[in-house]
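User: Could you take a close look at the strand pairing in this model? Please walk me through it slowly, then add whatever helps me place it.

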Amino acid sequence: MAFAIPTISYTGKIKEVVLGKGPKAVTIGGETSYPFHFFEGDAPHAPRIAIEVYDAAPDDWADAALEPYKDVLNDPVAWAKKAVETYGAELIALQLVSTDPNGLNRSAEEAAATAKKVASAVDVPVLVWGSGSADKDAEVLRKVTEVCDGMNLVIGPIVEGNYKQVGAGAIAYKHTVAACSPIDINLAKQLNILLGNLGVPDGQLIVDPTTGGLGYGIEYTYSVMERDRMAALTQQDERLQFPLICNMAKEVWKTKEAKLKTEDAPTFGDAKKRGILMESVTAVTLLLAGADVLVMRHPEAIKLVREMIGDFKTK
Amino acid sequence: MIRIGENLNVMVKKIGAAMKDRDPKPIQELAIAETKAGVDYIDINLGPARKEGGPLMEWVVKTVQEVTDLPLYLDTINTEALEAGLKVYKNKKGRAVINSIMARPESMEAKFPLAKKYDAGLVALLWGPAGLPRDASERGVLAAELMQKAMEFGIPNEDVWIDPIVTPVTSPQSQVQVPSLVEFMMMFNDLQEMTPGLRSTCGLSNVSNGAPDHLRPIINQTYLMMLQRYGMASAIVDAFDDELKTFADSKRPDLSALVYRVMDGEDIDVKSLKKEQADYVKTTKVLMGNILYSDSWLEL
């Protein structure tokens, strides 16, 4: 008898979600097999990369990460345009770090105005990310949904502590929510259920499992994402059949290994190359675990990962 | 199913204080109440009992035996406290049981001789040198090792209560162990053929640890039916949980029949069932690992 390669029998399908509006809108999801298992199923939409834009000039970035954006650091609109026009961003991820109550603590109104300016300046879909403070995000993200009425932004991170306020805004003003749970598959599922009960349509929900950078807990994220895809695709777990987004760049670039200058850590090798490779390897790892959208920073890392996605697609 | 009452525990505020003050009243009242509630054994849990564990166990055993004839589980990791309790224990309606021994050489070498010397039973946890076993086979290996060691020490099979260690279904790391323990219970039947008389026990309520309080009973009840199917002989439980007693006494054959069908892989359409039945079907699926746990599993 001839040898037959064992294949997995799938019973589920990841839901398709459309991000943004107009001709540059992006569809993600739709997979019927594990990541890159083209021999077993279908993956109609390739994973996408969103390029980060910050609403305030960063003061703690590695030189290598600052360099590509040094002329636009104080202007999120110009930054977003550069990301699209120069680096070919298919999506923009606007990080509203200036709203952090432990930092600049900018108001919800100010942040929402910035979000609207950025989203109006580019034709690609925009993800708007809060500071991660659940209470402040409830205010800020809620305001963003309202001010950017009908623009179909991706709004995150939505957590258990603020899902009602932000979720209600997303329903009323038609945005997609990114449900974020702390690297825990059971809590991820529970938040999806809660958002569904609230009335968020399935086509407006994606999942952020929370990610660690390479060497900083990425294996936990990997396991959660792997389990998520197993439940969604082989156990018909309808409440987990959503595309996955990984907000990874800030995790990679805050690590010692990505930030140390070449002269301060000669044994670590060239700082720029090191940071780019840390980001690329993190990205590829998360793609293999099932990510549909990656939030990335350095143009060269993005280029490397795009090439890899292309290579995989053409088998 | 044999029930061991878990309530006499140093962690319970009132009981802990009474133990500290050597006040017999709350302890005896609880022992009497547990006896009336119909448990088969009373577990006396002293926790680690590092300081003065010996005199404390001696006093508690005497205090409890003044008011009840039920046999006792002596629950502490302090070997000296165990021995002090066994020394004064009187066999009225059954022998004392040491709770517990681990499948580790130092634990077995310290406690098997105690069981032999004082003619006591013992709970043998399937917790090996590498910690919690990862699957049914590793549990099987530990159980076989334990039984071989017990034989070397001359402990009769019926004095060993294998505890395969129940883990919570609510957390990602431990939920895979929930169905694997059921799988182990199927193997356990074979083990019993090799070592006739061997018994089994479990800390049942740990399975629902972390779930919302009002939803813990259905998880405990369902898991009890699942384990009982393959011969789980006993469980350490809340003595006053009458609802659970109904299940322990196998008085819900309608529900256990349904649970068994799910365990056997039958795809039951929950929409055709009444709410109560549907809830047990869903819970069985979660405990079998067919549905990933979430706090809202009954609503889906």
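Analyst: Let's settle one term up front: two strands count as paired if DSSP finds at least two bridges between them. Keep in mind, too, that this is a predicted model. The predictor puts the complex at an ipTM of 0.80 and a pTM of 0.87.

With that in hand, start in chain A. Strand 4 of chain A, residues 91-95, pairs with strand 5 of chain A, residues 126-129, in the parallel sense, and four bridges hold that pairing. If you want a spot to click on, Q95(A) sits opposite W129(A) in strand 5 of chain A. This pair belongs to an open sheet of eight strands, and the order across chain A reads 8-7-6-5-4-3-10-9, with parallel pairing. At the edges you find strand 8 (205-208) and strand 9 of chain A, each of which pairs on one side only.

Let's go to one of those edges. Strand 8 of chain A pairs in the parallel sense with strand 7 of chain A, residues 176-180, over four bridges. Here A178(A) is across from I206(A) in strand 8 of chain A. The route between these strands goes from strand 7 through helix 6 of chain A (residues 185-198) to strand 8, and this β-α-β crossover is right-handed. As for burial, strand 8 of chain A is covered on both faces: L205(A) and V207(A) are buried on one side, while I206(A) and D208(A) are buried on the other. So that split fits a simple rule: in a regular strand, side chains alternate between the two faces of the sheet.

Now to the other end of the order. Strand 10 of chain A (residues 293-296) is also covered on both faces, with V293(A) and V295(A) buried on one side and L294(A) and M296(A) buried on the other. What does strand 10 of chain A pair with? One partner is strand 3 of chain A, residues 48-54, in the parallel sense over four bridges. In that pairing R48(A) faces V293(A) of strand 10 in chain A. Another partner is strand 9 of chain A, residues 245-246, again in the parallel sense, over two bridges. There, C246(A) is opposite L294(A) in strand 10 of chain A.

One backbone detail inside this sheet is worth a click. P157(A) is placed in strand 6 of chain A, residues 154-158. The peptide bond leading from G156(A) to P157(A) is cis, with omega near -10°.

Now for chain B. Its eight strands form an open sheet ordered 7-6-5-4-3-2-1-8, and the pairing is parallel. The edge strands of chain B are strand 7 (199-200) and strand 8 (234-237), each pairing on one side only. Strand 8 of chain B runs parallel to strand 1 of chain B (residues 2-5), and four bridges join them. The bridge partner of I2(B) in strand 8 of chain B is S234(B). A cis peptide turns up in this chain as well, from N99(B) to S100(B), with omega near 15°. S100(B) lies in strand 4 of chain B, residues 97-102.

Two loop residues of chain B deserve a mention for their phi angles. R22(B), in the loop between helix 1 (13-21) and helix 2 (24-36) of chain B, has a positive phi near 55° without being a glycine. R22(B) counts as exposed because it has 12 C-beta neighbours inside 10 Å. D119(B), in the loop between helix 5 (105-118) and strand 5 (121-125) of chain B, has a positive phi of about 55° and is not a glycine. With 13 C-beta neighbours inside 10 Å, D119(B) counts as partly exposed.

Stepping back, chain B holds 12 helices and eight strands. Its C-alpha trace spans about 60 × 40 × 30 Å along the principal axes. A compact globule of 300 residues would have a radius of gyration near 19 Å, and chain B agrees with its 19 Å. Of its 300 residues, 45% count as buried. Among contacts in chain B with a separation of 6 or more, 70% come from residues 24 or more positions apart. Confidence for chain B averages a pLDDT of 95, and 100% of its residues reach 70 or more.

Finally, how do the chains meet? The contact takes 11 residues from chain A and 10 from chain B. On the side of chain B that touches chain A, the residues divide into five nonpolar, four polar and one charged.

Technical notes
Residues are numbered from 1 along each chain as its sequence is written. Chains are lettered from A and ligands numbered from 1 in the order in which they are written. This is a predicted model: local features need pLDDT of at least 70, side-chain atom pairs count only at pLDDT 80 or more; totals for chains, interfaces and linings use all residues. A residue is buried if 20 or more other C-beta atoms lie within 10 Å of its own, exposed if 12 or fewer, and partly exposed in between; C-beta atoms are placed from the backbone. pLDDT is the predictor's confidence in each residue, from 0 to 100. Two residues are in contact if their C-beta atoms, placed from the backbone, lie within 7 Å. Ala, Val, Leu, Ile, Met, Phe, Trp, Tyr, Cys and Pro count as nonpolar, Asp, Glu, Lys and Arg as charged, and the others, Gly among them, as polar. A crossover is right-handed if, with the strands pointing away from the viewer, the path from the first strand over the helix to the second runs clockwise. The radius of gyration is taken over C-alpha atoms; the globule rule is 2.2 Å times the number of residues to the power 0.38.
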